[in-house]
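Hi,

Here is the structure I promised to send over. Please have a look at it first, and then read on for what turned up.

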Amino acid sequence: MSKLLKEKLSSQIPALKDEAKSIVKSHGKDVIDQVTIDQLFGGMRGIKGLICDTSSVGLDTGLIIRGIPILKLTEKLPEEIFYLLLTGELPDEKALKDLQSDLHSRENVPSYVWAVLNAMPSDTHPMVMFSSAILSMEKESEFRKLYDKGTNKDKLWEAMYEDCMNIIARIPQIAAFLYRKKFNKGDMIGPDNNLDWAANFAKMLGVEDKDGTFAKLMRLYMVLHSDHEGGNASAFTNLVISSTLSDAYYAFSGALNALAGPLHGLANQECLRFIVKMREEIGHSPTDEEVKKYCQSLLDNNRVVSGYGHPVLRITDPRFMAFLEFGKKVMSDDEIFKIVKQLFEIVPDLLIAQGKAKDPWPNVDAISGSMLYHYGVKEYEFYTVFFGVSRILGFASQIILSRALGAPIIRPKSVTTEWIKSQIKK
Ligand code: NMX
Ligand code: MLT
């Protein structure tokens, strides 16, 4: 089996471990942040409390992967991004081909996964199906087998790598199967060894793609959603689970459950649901005034406008801008896409006027669904699965590196409200 990526990592890891050790040895007690009471009551927002080298998110830059702003990576393949997330370098042609053939060689999904999915009630949410399918494969874990053998901790990352590669190779097929099953799209479509990871996914979904732009969208979609540093709710969940030396199957399944919340990854579903409902209620292409009134009524009822706001960003999400550019080229007359643009003109001002949201600008979820809807993927309940398939590239990179560095169990200290009150008195 081809293994250039694993070899590259093996050669990098000793230096990474030495670097981490020496930083801690020389500067272990240096203070880099302080914690305020509003951060404790406010979801730990802004506290610098984690190491994540795969990517970072600046409040005024958005996603940066290994030093490269996401808008400079939009022409890359998701496999290239995975290589970059893990190693800090883009692969050359040989390394890319090697990675692609390695993934193809691992794509055989155990047949019991289909049985698990077929056994689920037809009204099960696709994210439950996706998360369960991944968890159901836990018995395949090389990591757990190696751990059970009592293997040296330094070797565990290699088994983590194997598990992650197996999962990445299989999820396009699993997601495509559950899309076709759940939404009665017909029989499963098998993988095609000649295609790249995202184009293969596009083909297995069975979405009509006469001009090849849906495959292009899938590549872009998978690149844009691949990672968003370590502190977002699902990535953090993934890191916490993996830090207990649970394997990747447990970690990804748990992380996907965090992604499935409407304040996080489910916002893409909620945003399309909102647009469709608004059109149904208003009954035609809404005017600016009607959209304004509709959104204002949400805010007046203490509801959020999905797709707007962010825990870190204070600018329009560059991932939103990348989709906007794609949409302008491919679907400029699409009714839903036009409403997304209309919302972009209207919602920030309403949020600014309301004065609550710290970030009034759109995030990626404000637009990603409209891209899918255009190609006939109108089942918005499925949208967060697309997010999850892509984000597993980031989850995988983060926990392979954590295990390679021997990161300890994550266990911050909690305090009681009484303790806070006693500190205030002091
Ligand atoms: N619409 C209405 N109110 C909002 C919005 C919004 N889009 N965004 C923030 N607020 C409110 C928020 O609910 C809070 O209200 P309250 O004080 O009554 O609790 C107040 O503004 C302050 O919140 P922030 O500190 O600005 O935001 P926070 O960091 O806590 O949360 C989000 C960030 C993303 C959870 C929040 O902006 C939100 O709920 N947005 C809508 C859901 C969404 O788009 N999520 C997707 C995030 C990206 N992703 O891909 O995961
Ligand atoms: C993400 O892509 O994970 C979201 O933008 C949420 C976040 O970064 O907190």
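A polar contact here is a pair of N or O atoms within 3.5 Å. By that cut-off, leucine 263 makes one with ligand 1, because a backbone N or O atom of this residue lies 2.8 Å from a nitrogen atom of the ligand. Please keep in mind that this is a predicted model.

Two more residues approach ligand 1 through their backbones. A backbone N or O atom of valine 305 is 2.9 Å from a nitrogen atom of the ligand, and for tyrosine 308 the corresponding distance to a ligand nitrogen is 2.7 Å. On its own, ligand 1 would expose 900 Å², and the protein buries 77% of that. There are 23 residues around this ligand, and those that come nearest are His264, Gly307, Tyr308, Lys358 and Asp365. Sorted by class, the shell holds 11 nonpolar, seven polar and five charged residues.

Now to ligand 2. Its surroundings consist of His228, Asn232, His264, His310, Pro311, Arg319, Phe387 and Arg391. Here the side chains supply the polar contacts listed next. An N or O atom in the side chain of histidine 310 sits 2.7 Å from an oxygen atom of the ligand. Arginine 319 offers a side-chain N or O atom at 2.8 Å from a ligand oxygen, and arginine 391 does so at 2.7 Å. Taken alone, ligand 2 exposes 260 Å², of which the protein buries 88%. Its shell is made up of two nonpolar, four polar and two charged residues. You will find His264 named in both places: among the residues nearest to ligand 1 and in the shell of ligand 2.

Away from the ligands, which residues have the most contacts inside the largest nonpolar core? They are Phe130, Met218 and Phe252, in a core of 124 residues. Helix α8 (residues 156-182) gives the most to this core, with 17 residues. Nonpolar side chains tend to be buried together in soluble globular proteins. Phenylalanine 130, leaving aside neighbours within four places in sequence, is in contact with Ile171, Ile174, Ala175, Leu178, Leu256, Val385, Gly388, Val389 and Ile392.

Serine 131 is worth a click too. This residue lies in helix α6 (residues 126-136) and counts as buried because its relative accessibility is 4%, where the cut-off is under 20%. Not counting residues up to four places away in sequence, serine 131 touches Ser253, Leu256 and Asn257. Leu256 is thus a contact of phenylalanine 130 and of serine 131.

Happy browsing, and best wishes!

Conventions: Residues are numbered from 1 along each chain as its sequence is written. Chains are lettered from A and ligands numbered from 1 in the order in which they are written. This is a predicted model: local features need pLDDT of at least 70, side-chain atom pairs count only at pLDDT 80 or more; totals for chains, interfaces and linings use all residues. Side-chain values use heavy atoms; hydrogens and water are left out. A residue is near a molecule or strand if one of its heavy atoms lies within 4 Å of it. A polar contact is a pair of N or O atoms within 3.5 Å; within protein, one must be able to donate a hydrogen and the other to accept it, and residues adjacent in sequence count only if both atoms are side-chain atoms. Accessible areas come from the Shrake-Rupley method with a 1.4 Å probe; for residues, only the protein chains shown count as cover. Ala, Val, Leu, Ile, Met, Phe, Trp, Tyr, Cys and Pro count as nonpolar, Asp, Glu, Lys and Arg as charged, and the others, Gly among them, as polar. A nonpolar core is a set of buried Ala, Val, Leu, Ile, Met, Phe, Trp, Tyr and Cys residues joined through side-chain atoms within 4.5 Å. Buried means under 20% relative accessible area, exposed over 50%, partly exposed in between (1.4 Å probe, protein chains only). Helices (H or I, at least four residues) and strands (E, at least two) are DSSP runs, numbered from the N terminus. Contact means heavy atoms within 4.5 Å.
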